[in-house]
Amino acid sequence: MSENGFISSGPIFDAMVDFFQEDEWDFDQVGRAPELIMGYSGDNGEWHCFAQARDEEHQFIFYSILDDTVPPEKQPQAAEYLARATYGLVMGAFELNYDDGEVRFRTGIDVDGDELNKEMIKNIVYFNLYTMDRYVAGLKQVVEEGLAPAEAVAQAEAEE
């Protein structure tokens, strides 16, 4: 048990916990794993977030995961939308699980040879949240209203 009350797995996990505590997030550790789970509410929706420390691999990964899943019959349109949204992003990618319809956005950093600091974590986390919030409304329009994926992405990107 570390001094902050969490079961530590190494320096990346400790840096991750310190960041979220100092940034005043409400979060929990996932069992004894080097993972944290939390909720987030953006301008265009709400979702869960998952932060993972992979100390042995020198990696920090952050996911935004939608609570709503994409039904099988809408997955081709959703996949096109997510691929179009991901195209051109320098950091991160949208992912669609074809088995259960889960949609998430992943960002991460490999810090081999360096030390993960708060500014790195902040950039990874807030880029992730901004990007998910930017595109979540368009995904809903594609899945629920039948809007063409290309049109939905164009609308999302026009709102900068």
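Strand E2 (residues 35-41) and strand E3 (residues 46-54) run antiparallel and are joined by seven bridges. The model described here is a predicted one. Within this pair of strands, Glu35 lies opposite Gln52 of E3. The connection from E2 to E3 is a hairpin of four residues.

**The sheet**

E3 also pairs with strand E4 (residues 59-66), in the antiparallel sense and over eight bridges. Ala51 has Phe62 in E4 as its bridge partner. The hairpin of E3 and E4 has four residues between the strands, and His58 in this hairpin adopts a positive phi near 65°.

A further antiparallel pair is made by E5 and E6, with four bridges between them. Here Glu95 stands across from Arg104 in E6. The hairpin formed by E5 and E6 has six residues between the strands, and Gly101 in its turn shows a positive phi of about 80°.

The three hairpin pairs are set out below.

| Strand pair | Bridges | Residues between the strands | Opposed residues |
|---|---|---|---|
| E2 and E3 | seven | four | Glu35 and Gln52 |
| E3 and E4 | eight | four | Ala51 and Phe62 |
| E5 and E6 | four | six | Glu95 and Arg104 |

What is the order of the strands in the open sheet of six strands? The order is E1-E2-E3-E4-E6-E5, and the pairing is antiparallel. Strand E1 (27-29) and strand E5 (93-96) are the edge strands, each pairing on one side only. On average, neighbouring strands of this sheet are turned by 25° against each other, direction ignored. Helix H1 packs on the sheet and touches E1, E2, E3 and E4, with its direction at about 145° to that of E3. H3 packs on the sheet as well, touching E2, E3, E4, E5 and strand E6 (103-110), and its direction makes about 20° with that of E4.

**Packing of H1 and H3**

Two packed helices are described by the angle between their axes and the distance between the axes. For helix H1 (residues 11-22) and helix H3 (residues 118-145), the angle is about 70° and the axes are 10 Å apart. Angles of 65 to 115 degrees count as roughly perpendicular, and H1 and H3 are therefore roughly perpendicular to each other. On the H1 side, the contact is made by Ala15, Met16, Asp18, Phe19, Phe20 and Glu22, which meet Lys118, Ile121, Lys122, Val125 and Tyr126 in H3. By class, this contact of H1 with H3 holds seven nonpolar residues, four charged residues and no polar ones.

**The nonpolar core**

The largest nonpolar core contains 44 residues. Which residues have the most contacts inside this core? They are Phe20, Leu36, Met38, Phe60, Phe62, Tyr81 and Val125. H3 supplies the largest share of the core, eleven residues.

Val125 of H3 also meets H1 in the helix contact described above. Apart from neighbours within four places in sequence, Val125 is in contact with Phe19, Phe20, Trp25, Phe60 and Phe62.

Phe60 is found in E4. Is Phe60 buried or exposed? Residues under 20% relative accessible area count as buried; the relative accessible area of Phe60 is 1%, so Phe60 is buried. With neighbours within four places in sequence left aside, the contacts of Phe60 are Ile12, Met16, Ala51, Gln52, Thr107, Gly108, Ile109, Leu116, Ile121, Ile124 and Val125. Among these, Met16 belongs to H1 and Ile121 to H3, and both take part in the contact of the two helices. Phe60 and Val111 are 51 residues apart along the chain, while their C-alpha atoms are separated by 8.0 Å.

**Two further buried residues**

Phe27 is located in strand E1, one of the two edge strands. With a relative accessible area of 9%, Phe27 is buried. The C-alpha atoms of Phe27 and Ile37 are separated by 5.6 Å, and the two residues are ten residues apart along the chain.

Gln75 lies in helix H2 (residues 75-86). Its relative accessibility is 5%, so Gln75 counts as buried. Leaving aside neighbours within four places in sequence, Gln75 is in contact with Val70, Leu96, Asn97, Tyr98 and Gly101. Of these, Gly101 is the residue with a positive phi in the turn between E5 and E6.

Technical notes
Residues are numbered from 1 along each chain as its sequence is written. This is a predicted model: local features need pLDDT of at least 70, side-chain atom pairs count only at pLDDT 80 or more; totals for chains, interfaces and linings use all residues. Side-chain values use heavy atoms; hydrogens and water are left out. Axes are lines fitted to C-alpha atoms, for helices over the stretch in contact, and angles run from 0 to 180 degrees between N-to-C directions. Angles under 35 degrees count as roughly parallel, over 145 as roughly antiparallel, 65 to 115 as roughly perpendicular and the rest as oblique. Contact means heavy atoms within 4.5 Å. Ala, Val, Leu, Ile, Met, Phe, Trp, Tyr, Cys and Pro count as nonpolar, Asp, Glu, Lys and Arg as charged, and the others, Gly among them, as polar. Two strands pair if DSSP finds at least two bridges between them. A nonpolar core is a set of buried Ala, Val, Leu, Ile, Met, Phe, Trp, Tyr and Cys residues joined through side-chain atoms within 4.5 Å. Buried means under 20% relative accessible area, exposed over 50%, partly exposed in between (1.4 Å probe, protein chains only).
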